[in-house]
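Colleague: I am new to this structure and would be grateful for a close look at one part of it. Please concentrate on the charged side chains and how they pair.

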Amino acid sequence: MNGDRRPGLSARLKLTLSYAGLVLVTGAVLLAVVWLFLLRYVPDNSQGLLGVSPNRFLLSRIFGRAAAVAMGLLLVFGLVGGWVLAGRMLAPLTRISEAARTAGSGRLSHRIRMEGRQDEFRELADTFDTMLEQLESHVAEQRRFAANASHELRTPLAISQTLLDVARKDPARDRDELLERLQAVNTRAIDLTEALLLLSRSDGGAFVRESVDLSLVAEEAAETLLPLAEQRRITLDVTGGAAPTSGSGELLLRMVTNLVQNAVVHNVPVGGTVTVHTEARNGESVLRVENTGPAVSPELVPTLTEPFQRGTERVRTDAHAGVGLGLAIVHSVVRAHDGTLDLVARPAGGLVATVRFPGTW
């Protein structure tokens, strides 16, 4: 659409004309003041002042020529000086424009790093550098996510293809076993696709906000996962009080469910505990999920919210292996609801996940 615009004057030329015009106007005002308040007192007769000084007519001719020359010099000085000053003033803007063109070509590693004291251009350059840094990080994260997603989706498809090839070459193979394995692989692919869609939805913020009580959401998630906890002999408790906030009930339920399921699955083999606590504190609605479990390295904790990270185990073999997007979805939902997520490794093993949302009363 920019190609349809008619060409106009450059900002430097506009500033130059403005400077020159200001100089001319200032010079004209000064000359007018001299004309009105000095020449008006010179006698207008043939003898002049006291018969010695020139009369008003002669002084007007002399002053008029000098004024014309002065105005001409002011015009030249205004144009040349204005062009130089405008160039110096717009030099930072030129650097910012070059950086923007470089970023537009796909190269996001360039930074302006403008020197000098803090002013409007320096603030603009620093803001642009910060934007480039965030954009570069976001693009790198999206590329890494796309590569991991492609790899994860390729795995079940490759397994299905292998199973079908084996069935084609060996017709006598047990069909029930083949169908069961194909169903398991297909279920995993469906779960992964749904998780990817949910992650995309929460990242895009495409949801309607409503009033949600995190305590009720926690109870619903705990009730859903109670059979899994009982199967693993894990005590699942929900404590605390009301914690109202605003957001999507569906997304917040998935967030809490993922946190609780992660706490149940990554627990000690027998006798573990999972505690879900909700409260309203200091204008915030807080949800905390704490579980026992194996020791988690503090260096590993920041990576747990990255897509396709599964703690110290890259692949799990049980029925609740997941797709490596549980905490990534939690982080995305929290971020979409203007909240914060803190993960802290317990000294005795396990993890404490604390979610804070703006409260509503």
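Which residues are linked in a network of salt bridges?

Modeller: This is a predicted model, in which local features need pLDDT of at least 70 and side-chain atom pairs count only at pLDDT 80 or more, while totals for chains, interfaces and linings use all residues. Residues are numbered from 1 along each chain as its sequence is written, and side-chain values use heavy atoms, with hydrogens and water left out.

The network that you ask about joins Glu 284, Asp 342 and Arg 356 through salt bridges (a salt bridge being a side-chain nitrogen of Lys or Arg within 4 Å of a carboxyl oxygen of Asp or Glu). Within this network, the side chains of Arg 356 and Glu 284 meet at 3.9 Å, taken from N to O. Their contact links distant parts of the chain, since Arg 356 belongs to strand E7 (residues 351-358) and Glu 284 to strand E5 (residues 284-291), 72 residues apart. Strands (E, at least two residues) and helices (H or I, at least four) are DSSP runs numbered from the N terminus. Both of these partners are partly exposed: Arg 356 has a relative accessible area of 24%, and Glu 284 has one of 31%. On this scale, buried means under 20% relative accessible area, exposed means over 50%, and partly exposed lies in between (1.4 Å probe, protein chains only).

To place the network in context, the whole structure holds nine salt bridges. One of them pairs Glu 136 with Arg 111, with 2.7 Å from N to O. Glu 136 sits in helix H3 (residues 120-169), whereas Arg 111 is in the loop between helix H2 (56-104) and H3, so this salt bridge ties together parts that are 25 residues apart in sequence. The two partners of this bridge also have their own accessibility values: Glu 136 is partly exposed at 31%, while Arg 111 is buried, with 14% relative accessibility.

Helix H3 also contains a pair within its own length. There, Arg 122 and Asp 126 form a salt bridge whose N to O distance is 3.3 Å. Because these two residues are four positions apart in helix H3, about one helical turn separates Arg 122 from Asp 126. Asp 126 is partly exposed, at 27% relative accessibility.

To return to your question, the network consists of Glu 284, Asp 342 and Arg 356, and its contact between Arg 356 and Glu 284 connects strand E7 with strand E5.
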